[in-house]
Every structure is written in structure tokens, then in C-alpha cells.
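Colleague: Before we discuss this model, could you put it on the screen, so that we can go through the strands and then the relation of the copies?

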There are 2 protein chains.
Amino acid sequence: MHAVAKPDSFDNVTAGDVAAATGVSRWTVNRAFKKDASISPKTRAKIISAAQSLGYVPDLSAAALASTRSNLVALLVDDFTNPHKLVMMERLTRALRSRGWDTLLVNTLDRDDTAPALLNASQRRVDATILIGVQFDDEVLAAAQSARRFKKLIIFARSSSNSDTISIAVDDEAATREIAHYVIDRRYKRPLYLAGPRTISAHLLRKETFAAVWQHRFGVLPESVSVGRYDSILSAEIAYDTLRDRVGADLPDVVVCENDALALGVIDTIRHRLRLRIPEDIAVVGFDDVPAASSPNYRLTTYRQPLTDMSNYLVDVLERPEATNLDRKFIGRLVIRESA
Amino acid sequence: MHAVAKPDSFDNVTAGDVAAATGVSRWTVNRAFKKDASISPKTRAKIISAAQSLGYVPDLSAAALASTRSNLVALLVDDFTNPHKLVMMERLTRALRSRGWDTLLVNTLDRDDTAPALLNASQRRVDATILIGVQFDDEVLAAAQSARRFKKLIIFARSSSNSDTISIAVDDEAATREIAHYVIDRRYKRPLYLAGPRTISAHLLRKETFAAVWQHRFGVLPESVSVGRYDSILSAEIAYDTLRDRVGADLPDVVVCENDALALGVIDTIRHRLRLRIPEDIAVVGFDDVPAASSPNYRLTTYRQPLTDMSNYLVDVLERPEATNLDRKFIGRLVIRESA
DNA sequence: TTGTATGCGTTATCAA
DNA sequence: TTGATAACGCATACAA
């Protein structure tokens, strides 16, 4: 046998190598790395230590191919302008990874890319696809479902009435009712509801719940305006267009926003372009409690979702193979600051 | 032949199925999905159409196992508080996906998790590991390199002197020099340099370049303070502690920040806690041009990195297998707004 | 241009 | 408890 140089570039060390070094079969080596395999503690210890010195780690790619599970999920994101996305991604990946799941991040480049993105995910044998975007409307979901390429389709942080879908979200109705009652208690009388894109049927729930509570109390529907994207810059523009000619006349006394991304833009406009005070002239309420909401610039009264609980619940669901169709709602809490 | 019910759950359709339906061998089916394979256009068209109706797509997991490439990269992120991370992730995943690469998002949960995170990535057979965090100091990089489990280790948006490492970053020295000269041209005389965590040796470059330019011009070193994390809230606290007792006395006339996350916090403190004007009392300069920097609340003068170019270059490097050790620097541009 | 043998590193299942 | 056989779905290299 001739001398073998240590390979210059990374050479795969497999279970077989460890087996040869330990004097057991390669199947026993694999067993040593499985949680509840029938293997004697002694051989396992011997194998683990040999593996360590050889630099062996199980190849999850091969494991996924051979089994029905990959321990991999795809996370589809289509909206990177909303700062809340960063928070959600952190919580989700933290919960997933700390419990042994890997995450494939898929940027759905534009509206028409949703279907290709879903296909892309399925090509990597993911155990579940998680949607945390906004472009995923009912039509897209239905298409995804009919393709039947997913063990699980999970809508995160957005409710969905779609069947065969797992949705994990905050209870929008309860949350919005709490917001509405807070607004009423503070004796605001002329609300403006600032809603997101009209196409998102699920999100209409917040707007409609607010309208329903208001009408039930005062007999009239609140004023409402829609913003085409969850984007502070655009929201600031729309707020300016809506309010610029009404200063001193019939200005709203509170702007209730579908989320913080919209609320931050509204605050910028009220303070810097209309030169009015918050909350004295106009109060503002948001939803999500993004990091900037607590900044002294905003001090935004908003609604915080229990993202950590929701993320952990998501992993629970992942670990129950039979769970493919459920609709779990969480209760968050209103965070009261100075903006309303 | 008995009637076959459409399987209730997703059943894998493989190249073999398509081959059977088309009357060719399954290797020919695979060829139809390879870009420059020698196959007649006619058979390819026939195969593609059959594949479509059967719902076949190549399994990338199996492809990765069989070949030396996976077309998968790991993106290690350790710092989700900096809003710039969201922008970087968007640009990177966009460039990667639009050119056929998938991204594994790995949240390095805490400092000690870096090595396990790297291992985790290698278990999925990634072609490269991209680091965009801040906790990845030289020690960690060295450990990662010695493990030799990576075809490529790419430090993105941060320069690194490490050998056997690919770094793709903005030219910190040139950028900081431009900032320093701008500050000098505007006749600021008493700068305070607000730096990030002291442990990040690479980032010291900005601070030291600024100090060098200043000393060369005025013969003295500028004042400097360090913030333990790239976090606006913490930065606001440190700025307050540093400046609170100096109002009216020896206040700096400009605060130059290592990045925008720090700058936003500084602005909050100057305006809302010290109740001073920006830029009249104290000017502020940042780095990164995060979305909030253009908000009317901040109007931050800052330095924008050419992230799109950098991301595309990264994919170029990915596609050149021989490239494993290079240090590419990009020139960005100073975005002048009202804060300085 | 097309078909074939072999290997990638696991898991599942059965046998010892 | 351990060993052995057969997939998993594809790529590589070569032969036809």
C-alpha cells in the first residue's frame, strides 16, 4: 500500500470510514447517531469518539433521500420592506434550528414567481413550506394545494380559511376589537382606518372588524383608506394625500393602521409634513410592535403578537405528521405608548 | 391492469416514470433537464411535455448526493437587530435564486453556536458558506477554515484578511476617507467617532481610517466611543451617557457612526433627550443607507454600499470553482442628506 | 444522440 | 444488539 497524502480539499468521511476505524458495520455507526436506536452505550461511545476524531457527521442530504423526512422547511418571503419580517424570520429560524430543523429561505422575486418558488422548494424535499409573505393570496394558495407537492403548507402570522392548510396567526378579530375599544375608551371620535393592499382578503379582517365595532357603537362606518404596499414611504405619501387639504377642518383624531410599517409612515407625515402633534392633534395606532415602534421618535401604541409562542407551536406541528389542516389563533397584547 | 387511484398524498414521480411514459430511458429524461446536454430538440420537447403533465421535476436533493455540486449555499446570520441585514438578505437571495442557487438560512443562535452552525451547514452539502454576521471574528474563521468542510467560505459585506477566504465588501478605507473629507470640508471641528463592538477587528478599519485622516489633517486623534452591539437602542443609551453632561460645554459638533443602526439611535438621543437640533447643534453621519435613513425623521447622510453588484459578484464567484481565495472591494457612494 | 453500469451516503427492513 | 440487502433519485463515465 502506498502512502496516502491527506487530501488537500474536503474529502467526505462517511459512516463506512468510521465503521472501518471502529470495527463495526456502517449501519451500527448510523445507529450511534440516531436518538432512540437499539445500540449498546459502549459501542455508541466508541463510535462517537471515533467519528469525532475522523471528523464525521451524518450527511443530511443522503438521509433525506433515503427517508421520507428531510428535517428541512422552506420559508417563502415576498416582502422585505416591512421591518417586522426580520423579527419574524429571527424567531422562526431560532425555534426551528434549536429543535433540529433547517430552513431554506426562498425570496419570491415578484408576483408571478410564487408558483416557481413553491416548486423550487419542493425540489429540495422540504417537509413543509411556510408562507410569511403578503402576495400569497387565496388564488395562489389554491394553486399550491392542487399541485399537492407539499406535506404541509403553513401560513404563518396570517389567518387563512383555505382548507388543507395550517395557519398559525394572531386572533385578528380579538386583537382589532381590543384596539377598537381602546380607541373608543380614549374618546376618539373621528378615526381613519389605514388598510394595506386590497387584494389580501385575509387582512380585510382587521379593517372589517374595526368597522363593525365602530358601527355597532356609533352607527356609522369609519373612514378608510388603502395603501398598496406595506411600506412606510408609500404610507407616508398616501397619508399626505389624504390629509393635506383637511388641516384645521375635518381632520381625523386618530389613525388606526393595519400594521406598524404603515403607522411609521403616517407618523412621519403628521409630524414633519403636516406639522401636527401626536397624539394631541392626531393619534396613531399600529400593529406588530416592530423595534422602531419603541423609539422615542415614534412611541407607537401597537399590538404585539406572541411570535415566540407561535414559532414554537409551528415546530410542534411540524413534528406531528398527521397535522395538515388546522387554524390556530393566538392572543397577543396591546402595548400602550404615547402615540394614542 | 387494475385501476389506480390518484395517490392521496404526494407521491414522488421520478425520471423513471417519465421515461416509461415517453418510451425513452430515464437517463435521457435527465438529459432533457440539463442545459447543454446532447439531446435532440424533438425528444427533449416530448419529454418536457410529458414531465409537465406527470408533474415531474428533478430532485435536487438526489442530484446533490450524486454530484459534487449542490447549488445550495448557507447564509449564516447572527445579528437580526440591524435593519441593514434585511436589505442584504433580500439582495443576496434575489441574486442567488434568479441564477439557480438556493439558500439555507442559518441563525447562529448565540456566540458559542457559530461552530455548530457551520457544521450544520456542511451536513447539507452546501457549495459555499456565506457569513454576513458580526460575531464571526478571526478566531472563529480560523476554526472554520481548519475544519476544511467548505468548498468556499465567503465573508460578505465585511473585509477579512483571512487566507483561504473569499471576502466581498465595500472598500472601507476609501469609504471612510470620503466620509472624513466630507466632514472636514463642512468645517466640523470636534468629531466623535461612534464605533461598534470592539471585538470585530475588521470593523476597526473604519474607525482607524477616520482617526488617521483626522490626525493627518489636524494633528490630534478624534474622540471615540464603542457600542457593544449594532443596536439603535443601545447606541441611544451610550450616546446619552457620553453626551448628557456636556451640553453647552464641549459637545462634539459631529458624530460619525460606524453604521446606520448606531446613527439612528444617536439621532434619537440628540433630538429627543438632549433636545438639540440636527445638524445645527450636532451633525450625524452613518454608513449603509438603511431604509429608515431616508425617512423625514432622520434624513441621514450616509454611505451606500453597491449591494446589488456585490451580490451578483458573489454568484459569479460561486460559479468559478477555482476561486477560493480573493478579496474584492467595491466602491459605494456617499448619500448626502440633511443630518450632516 | 441514446442507453448502461456504477456510485453517492443514507434509511428501512429483515435476518442473525 | 448487530449485520446485511435493497431502495432513494440522480450524475458520471463510457459504450453503443
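Colleague: In which sense do S6(B) and strand S8 (residues 254-257) of chain B pair?

Modeller: This is a predicted model, in which local features need pLDDT of at least 70, side-chain atom pairs count only at pLDDT 80 or more, and totals for chains, interfaces and linings use all residues. Residues are numbered from 1 along each chain as its sequence is written, chains are lettered from A and ligands numbered from 1 in the order in which they are written, and side-chain values use heavy atoms, with hydrogens and water left out. Tyr193(B) stands opposite Val256(B) in S8(B), and over 4 bridges (strands, DSSP E runs of at least two residues numbered from the N terminus, pair if DSSP finds at least two bridges between them) the sense is parallel.

Colleague: How many residues of strand S6 (residues 191-195) of chain B are buried?

Modeller: Buried means under 20% relative accessible area with a 1.4 Å probe, protein chains only. Pro191(B), Tyr193(B) and Ala195(B) lie on one side and Leu192(B) and Leu194(B) on the other, and both faces are covered. The strand is mostly covered, and the count of buried residues is 5 of 5.

Colleague: Which residue of chain B comes closest to the rotation axis?

Modeller: Superposed by least squares on the C-alpha atoms of residues with pLDDT of at least 70 in both copies, chain B falls on chain A after a rotation of 180 degrees with 0.0 Å of shift along the axis (RMSD 0.1 Å). The two copies are thus related as by a two-fold rotation axis. At 2.2 Å (C-alpha), the residue of chain B that comes closest to this axis is Leu104(B).

Conventions:
Buried < 20%, exposed > 50% of the residue type's maximum accessible area, 1.4 Å probe, protein only.
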